[in-house]
Amino acid sequence: MTPLFRRLVLMSRAGLVVAFLAPAIALALPDDATLSRLLVGTWKGPRHETQYRADGTWVLDPPDEGDNTRGKWRIEHGRLIETWRLTDETEDSSSVEEIIQLTDKIFKSRIILQEGPGKPEGQVLPSEIFTVTRVTEKN
């Protein structure tokens, strides 16, 4: 086998690997519009239920410390961006969460950035992975 032929064989094998992996990577998460549709609804975690509304607002129940009971949300580049204003504050707080998995039943994410007066002291980022489940209405 000549060096040129060997190189062509290796390049074609590398191309096949890329051809098979690229769609799998691209399919890892749906596009932002699909993720947004999937997020709309009520999600239950260990301490709270969060309702994400189609109008881009969210409501937390029960309220967290500092009375951040509501805010705005959007999804950009596979990341959930939330903003809120704590009672008696003059500026917004925000967080960016990496969406790890979002289906019609499970939402897994972790905080990769948090700014503003609502940032917990001593917070280490990225955070642990949070898993919440969709609340379904009973008939």
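**Exercise 1.** In this predicted model, determine how many bridges join strand β1 to strand β8, and which residue of β8 stands opposite Lys44.

*Solution.* Locate the two strands: β1 covers residues 41–44 and β8 covers residues 130–134. Between them there are 2 bridges, and the strands run antiparallel. Then take Lys44: its opposite residue in β8 is Thr133.

**Exercise 2.** Describe the sheet to which these strands belong, giving the strand order and the average turn between neighbours.

*Solution.* Follow the order β1-β2-β3-β4-β5-β6-β7-β8: these 8 strands form a closed barrel with antiparallel pairing. Neighbouring strands of this sheet are turned against each other by 35 degrees on average, with direction ignored.

**Exercise 3.** State which strands helix α2 lies across, and find its angle to β4.

*Solution.* Helix α2 spans residues 32–39. The strands it lies across are β1, β2 (49–52), β4 (70–76), β5 (79–84), β6, β7 (106–115) and β8. Relative to β4, the helix runs at about 145 degrees.

**Exercise 4.** Decide whether Ser93 is buried or exposed, and list its contacts outside the local sequence.

*Solution.* Place the residue: Ser93 is in strand β6, residues 93–102. Its relative accessibility is 1%, and the cut-off for buried is under 20%, so Ser93 counts as buried. Leaving out residues up to four places away in sequence, Ser93 touches Glu82, Thr83, Trp84, Glu115, Gly116, Pro117 and Gly118.

**Exercise 5.** Assess the confidence of the chain and of residues 15–27.

*Solution.* The chain has a mean pLDDT of 83, with 74% of its residues at 70 or more. Over residues 15–27 the pLDDT is below 50, and this stretch has 1 contact in the model beyond near neighbours in sequence.

Definitions and conventions: Residues numbered from 1 in each chain as written. Predicted model: local features only at pLDDT ≥ 70, side-chain atom pairs only at ≥ 80, totals over all residues. Heavy atoms only, no water. Helix = DSSP H or I, 4+ residues; strand = E, 2+ residues; numbered from the N terminus. Buried < 20%, exposed > 50% of the residue type's maximum accessible area, 1.4 Å probe, protein only. Contact = heavy atoms within 4.5 Å. pLDDT = per-residue confidence, 0-100. Pairing = 2+ DSSP bridges. Axes fitted to C-alpha atoms, helices over the stretch in contact; angles between N-to-C directions.
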